[in-house]
Amino acid sequence: ETEPLTCKKDASDCNKGEDCKENGLLVRNPKSALRLVEDGNKVHPSQGDKGQAAQISNGYSGGQSSAPCNGMGELMELEDRETWSKKIDFLLSVIGYAVDLGNVWRFPYICYQNGGGAFLIPYTIMAIFGGIPLFYMELALGQYHRNGCISIWRKICPIFKGIGFAICVIDLYVASYYNTIMAWAFYYLISSFTTELPWTSCTNAWNTGNCTNYFSKDNVSWSPHSISPAEEFYTRQVLQVHRSDGLDDLGGISWQLTLCLLLIFTIVYFSIWKGVKTSGKVVWVTATFPYIILFILLVRGATLPGAWRGVLYYLKPDWQKLLATEVWVDAAAQIFFSLGPGFGVLLAYASYNKFHNNCYQDALVTSTVNCVTSFVSGFVIFTVLGYMAEMRNEDVSEVAKDTGPSLLFITYAEAIANMPASTFFAIIFFLMLLTLGLDSTFAGLEGVITGVLDEFPHVWSKRRELFVLGLIIICFLGSLATLTFGGAYVVKLFEEYATGPAVLTVVFLEAVAVSWFYGITQFCNDVKEMLGSAPGWYWRVCWVAISPIFLLFVTCSFLSNPPELRLFDYNYPYWTTVVGYCIGTSSVIFIPIYMVYRLVITPGTFKERILKSITPETATEIPFGDIRMNAV
């Protein structure tokens, strides 16, 4: 395996595309490189045997590659694919990708909104039958075929290759608004390096007459028109939304946020420019640091007065909610977007694994860690909300009205500002938000990078650093609209429409293509090649029927009842819904466009074109240890 014998045949005996004539066997070494080795103890296979050997493991015939010998006895070797330095690098990268800002703000809000503790029932069911099977499927696909989101379809079902292009467009949309939220967190982080946090008083230049600091020593009454200093800092100093009239008048660009975003993209570039060897080391910090901070904040929150009120509100079950369809839709959507299949990231990360890596175990471990993190984050958030309710003499439901980023940048920031050692807790909290966002950005961009480099290796394989630089510049320029005074309105629009229904559609088609066109039996055989045992009936049923139905259910629910968008005091006009659907469609449209293109360029009758377009055109090469059927 590791020391192949020198080929003693002349170059004339090895023609291009053919095996050596005398006892030469083509095998793959453990590093996935093809070598021609000498084996004098084995009989050279007959043509009939070679015909059987050419049956590639995906069930379709393909020709074997060969490495020519030269007179000096040198061996040609294909370039190895990069792999993770350590298994833990892969696990931390996947956990860092799956655990993001949404775990901190979206899950706690959806949980208490949909029945508290009762919501955990539909959430767990949707995770078991929908989220985790899709998560496992993508890890297995990426690890077996060792390709990114575009070129992998040549080995599965070529007519669905448009899915890969759609994924890349969606990832670019996400990068255009997701990093802006991190720029807000970075602005808060810089502002936290003061003895008195700037969102604790009403004496700043950006404050208005409605600013009410009920944490002051004076007796202050909270009226319906009162605005906390934290809210005014967020809306009038960081976002400056008062200088915009809405999406039809975004206003100018905030230079402070632009500098913050520029620094974030600089960090991102130098973390991923060399590949998973470098990003796998960075996630040791970005993936583990948030858990340290969450533990510190959980302990601190549990010791605050009124914390029990928040926990009770968070977990108090409302069993009647389980009869509402919306609760099950929210549970399905939450687990899906939390685990994150459909963004090309799991395919890309798994493609750098060793062939026999236990991706089944990885899927269970990382998805469990993700779900538990979401649940624990709820305690971190709601202990503080209970404290806020205690200070305001209000019900927790009144304090918990803020949703999305506002829950972190207004409510939680205000609570931190009024704790002892507020500067310390503010710094670590916003550092945690940054690290939560960074490794998700690493992952999203790696999905695009791996997809493009695998599809166009002759152009970009030796120019990764240059391609990554160009990609970062494109993402930065695409983020400029979110850096305007009305940028928060753009972020909300992209978050609701640009990614949600588009990703659901992509993963639905992906599940259909793998289970119904590539074949669930063939896919399970692929998994058996890697792990030694095939997936059981539970996984097969989920992949063939339950998971596609799960995705179709969520997609139809969203399209039949699109969300009515509102941010602060701005109600989104109807035309913004049309724009939102157009943005979402602009990525998915690549799928039917490529299908038509594929059928047009394929020769033959219409039936022949269909058959050729759904038949894998490229064989998946498996490592030496599993080449027992393919070697001879």
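How many helices and how many strands are there in the chain? In this predicted model, the chain holds 24 helices and four strands.

**Figure 1. Overview of the chain in the predicted model.** Of the 632 residues that make up the chain, 57% count as buried. Among the contacts in the chain with a separation of 6 or more, 81% are accounted for by residues that stand 24 or more positions apart.

**Figure 2. Helix H21, residues 537–560, and its surroundings.** The 24 residues of helix H21 should span 34 Å at 1.5 Å a residue, and this agrees with the 33 Å that separate the C-alpha atoms at its ends. Along its course, H21 bends by about 50 degrees, and the bend is located at tryptophan 543. Tryptophan 543 is also one of the buried residues of H21, a list that includes Trp539, Cys542, Ser547, Pro548, Phe550 and Leu551, and that continues toward the end of the helix with Val554, Thr555, Ser557 and Phe558. The cover over these buried residues includes helix H4 (120–145), helix H11 (325–339) and helix H13 (359–392), together with helix H19 (487–498), helix H20 (500–531) and helix H22 (574–588).

**Figure 3. The crossing of helix H2 (residues 87–98) and helix H13.** The axes of H2 and H13 come within 9 Å of each other and cross at roughly 40 degrees, an angle that makes H2 oblique to H13. The crossing of these helices is right-handed. On the side of H2, the contact is made by Lys87, Phe90, Leu91, Val94, Ile95 and Ala98, and on the side of H13 by Asp362, Thr366, Val369 and Asn370.

**Figure 4. The pairing of helix H5 (residues 162–191) with helix H15 (residues 405–417).** Here the axes come within 11 Å and cross at roughly 15 degrees, so H5 counts as roughly parallel to H15. H5 passes H15 in a left-handed crossing. The residues that make the contact are Ile181, Trp184, Ala185 and Tyr188 of H5, which meet Pro405, Phe409 and Ala413 of H15.

**Figure 5. Glutamate 495 in helix H19.** Is glutamate 495 buried or exposed? Its relative accessibility is 18%, and because residues under 20% are classed as buried, glutamate 495 counts as buried. When residues up to four places away in sequence are not counted, glutamate 495 touches Trp105, Arg106, Tyr177 and Gly500. Helix H19, in which glutamate 495 lies, is also among the helices that cover the buried residues of H21.

Technical notes: Residues are numbered from 1 along each chain as its sequence is written. This is a predicted model: local features need pLDDT of at least 70, side-chain atom pairs count only at pLDDT 80 or more; totals for chains, interfaces and linings use all residues. Side-chain values use heavy atoms; hydrogens and water are left out. Helices (H or I, at least four residues) and strands (E, at least two) are DSSP runs, numbered from the N terminus. The expected span of a helix is 1.5 Å times one less than its number of residues. The bend at a residue is the angle between axes fitted to the seven residues ending there and the seven starting there. Buried means under 20% relative accessible area, exposed over 50%, partly exposed in between (1.4 Å probe, protein chains only). Contact means heavy atoms within 4.5 Å. Axes are lines fitted to C-alpha atoms, for helices over the stretch in contact, and angles run from 0 to 180 degrees between N-to-C directions. Angles under 35 degrees count as roughly parallel, over 145 as roughly antiparallel, 65 to 115 as roughly perpendicular and the rest as oblique. A crossing is left-handed if the near helix is turned anticlockwise from the far one by less than a right angle, and right-handed if clockwise.
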